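Student: I'm new to this one, and I'd like to go through it with you. Can we take it piece by piece?

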Amino acid sequence: MIHSPRGVEDILPRRSSFYQWVEREASFLFSRYGYEEIRTPTFEETNLFLRSIGGETDAGKNMYTFQDKKGRSLSLRPEATASIIRAYVQHKLYREEDLWRVYYLGSMFRYERPQRGRLREFHQIGVEAIGQASPWVDVELVEMVVRFFKGLSLPRFYIRLNSIGCRSCRAGYEEKLKEYLKLHLGSLCPVCRERCEVNTLRVLDCKSDECQPIIKKAPGIEEYLCEACSAHFEKVRRGLEDLGVEFTVDSHLVRGLDYYTRTIFETISCDLGAQDAVCGGGRYDDLVEDLGGPATPAMGFSIGVERLLEALEKGGVESSRGKEGAVAYILTLDGRSQIKGYELAGFMRSEGVKVELNMSQRGLSSQLKLVNRKKIRWTLILGEKEIEEGIVILRDMDSGKQEAIEWGRWDRLKEKLKV
RNA sequence: GUGAGCGUAGCUCAGUUGGUUAGAGCACUGGACUGUGGCUCCAGAUGUCGGGGGUUCGAGUCCCCUCGCUCACCCCA
């Protein structure tokens, strides 16, 4: 037997309806803010990702990279932002769009050891707003995520917010932090001793008990933000407060990808395991320029769909939420009734009724059992008797009551089903 | 990449210090009820014991390798 590859999974119909529900809610809500769907390629030139997320980072090393027949290096997308910026630059949308608002849904790929909330192929729903530096963009995005999650009734989540400044103020801070950490190098956990050099800001996010006291006394980035960054962050916070969006400023929040600037945020679910960030995002004011476009400020976020679904389930949202099964089943008992069944099914489908037609040789009793198991409300029985009498029997599976409907009197059938 | 735990029927799991033909519950199929589901009763089918190799008279059980799953670290969405 061939098994699906490691870290990837089938989303069977039972579950895909749950995905569909969340995706529909997202499209619906985001489009209310003026965001339109964009679909970018599943793979890109490897260089695109190396330039955006940073080839030196682990993220850069964890890509599914392959060579095509001409020897070009391509990679399955580990995230969508880079592709969207590439498209923005490639189609010169900066010439026509004042603020380009787009959202996306789709699979992303990362070669990592699978664990809870971390698959090799996973799904993201995300948003990018490209073209404006206004703090109101930041406010809009955070507020939109919160509204989205509340609309789904996601329980027990909170927003962590921080500013990591622009490139120049961040560099200054990073240096100060490194100086400070070096003084306490001996008391840090082994992992952080390494991180201190490679990924200094990441130390702030360490959960180990050894590091905690040192982290608490570490200089915070807020003191090192330049005037412009500081003012920007202030406006974002005030905007959110004025809108009544709850958040906690966490000066230790950092992001993994290199391209973030200024505002960054995360949505944490209290109901998940180690991988508890359901949404992550931030501003990336330099990325468009880095990828060959004109200097253009932008911001975005992305939601991990698998994690979101898990958190929803933990919070009591039924995974059958988006499920809409058939409401009627046409039970046929021989060849003649099968043809009639098609005719009836055709009518019902054109009326928008979800109806399943029997395809088996099973007997009446066995088919009713099946309908019962499928939890379909109505059964339409068509056998020899019914055809001779020119009727079809409509059975209500809930009450067990049934009545004959004259063949062709579909107005009566409609009336019955649209209770 | 590191560590730990797990792989037995479609699902959840028993399976003794290695010992005959590998079990249970749920689900499934059929019957009681020959054209009326759910409840009940009866009967039935179902396994490469994840895969490969080894030890042994004998392996689901012990050893090695491998694949996969799970959780955590790492990393990050």
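Tutor: Sure, and keep in mind that this is a predicted model. Let's start where β6, α7 (190-198), β10 (277-283), α13 (364-374) and α14 (384-389) each supply at least two residues of the surface near RNA strand B.

Student: Which element gives the most to the surface near RNA strand B?

Tutor: Several elements each supply at least two residues there, among them α7 and β10. One of them gives the most, with six residues, and that is α13.

Student: How many residues surround RNA strand B, taking the whole protein?

Tutor: Here you count any residue with a heavy atom within 4 Å of the strand. The closest are Arg113, Arg116, Arg195, Glu386 and Met397. The full count of residues that surround RNA strand B is 44.

Student: Of the strand's atoms within 4 Å of the protein, what percentage belongs to sugar or phosphate?

Tutor: Those atoms of RNA strand B are split between bases on one side and sugar or phosphate on the other. The sugar or phosphate part is 48%.

Student: Which residue has a side-chain N or O atom 2.7 Å from a base nitrogen of RNA strand B?

Tutor: Let's go through some polar contacts. Ala274 uses a backbone N or O atom, 3.1 Å from a phosphate oxygen of RNA strand B. Gln115 does use its side chain, with a polar atom 3.2 Å from a base nitrogen. The residue at 2.7 Å is Arg395.

Student: Arg395 is also one of the residues that Thr379 touches. Is Thr379 buried or exposed?

Tutor: Thr379 is in strand β14 (residues 378-382). Leaving out residues up to four places away in sequence, Thr379 touches Tyr329, Leu331, Leu368, Val371, Ile393, Leu394, Arg395 and Met397. Its relative accessibility is 0%, so Thr379 counts as buried.

Student: Now for the helices. What span should the 20 residues of α1 cover, at 1.5 Å a residue?

Tutor: Helix α1 takes in residues 13-32. The expected span is 1.5 Å times one less than the number of residues. The end C-alpha atoms agree with the expected value, because both come to 28 Å.

Student: Which elements do the buried residues of α1 pack against?

Tutor: The buried residues of α1 include Phe18, Trp21 and Leu29. After the helix comes Gly34, with a positive phi near 95°. As for the packing, the partners are β5 (100-109), β6 (121-130), α5 (135-151), β11 (298-304) and α11 (305-314).

Student: How many of the ten residues of helix α4 are buried?

Tutor: Helix α4 runs over residues 81-90 and is mostly covered. Among its buried residues are Thr81, Ile84, Tyr88 and Val89. The number buried is eight.

Student: What about rings? How many aromatic pairs are there?

Tutor: Two rings pair if their centres lie within 6.5 Å. By that rule, the count is 16 aromatic pairs.

Student: What is the angle between the planes of Tyr259 and Tyr260?

Tutor: Tyr259 is buried, at a relative accessible area of 2%, and Tyr260 is buried too, at 8%. Their ring centres are 4.8 Å apart, and the pair is tilted, with an angle between the planes of 50°.

Student: Which residue lies over the face of Tyr260?

Tutor: Elsewhere, Arg120 lies over the face of Tyr111, at 4.0 Å from the ring centre. For Tyr260 the distance to the ring centre is 5.7 Å, and the residue is Arg255.

Conventions
Residues numbered from 1 in each chain as written. Chains lettered and ligands numbered in written order. Predicted model: local features only at pLDDT ≥ 70, side-chain atom pairs only at ≥ 80, totals over all residues. Heavy atoms only, no water. Helix = DSSP H or I, 4+ residues; strand = E, 2+ residues; numbered from the N terminus. Buried < 20%, exposed > 50% of the residue type's maximum accessible area, 1.4 Å probe, protein only. Contact = heavy atoms within 4.5 Å. Phe/Tyr/Trp six-rings, centres within 6.5 Å; stacked < 30°, edge-to-face > 60°. Lys NZ or Arg CZ within 6 Å of the ring centre and 35° of its normal. Polar contact = N/O pair within 3.5 Å; in protein donor to acceptor, adjacent residues only side chain to side chain.
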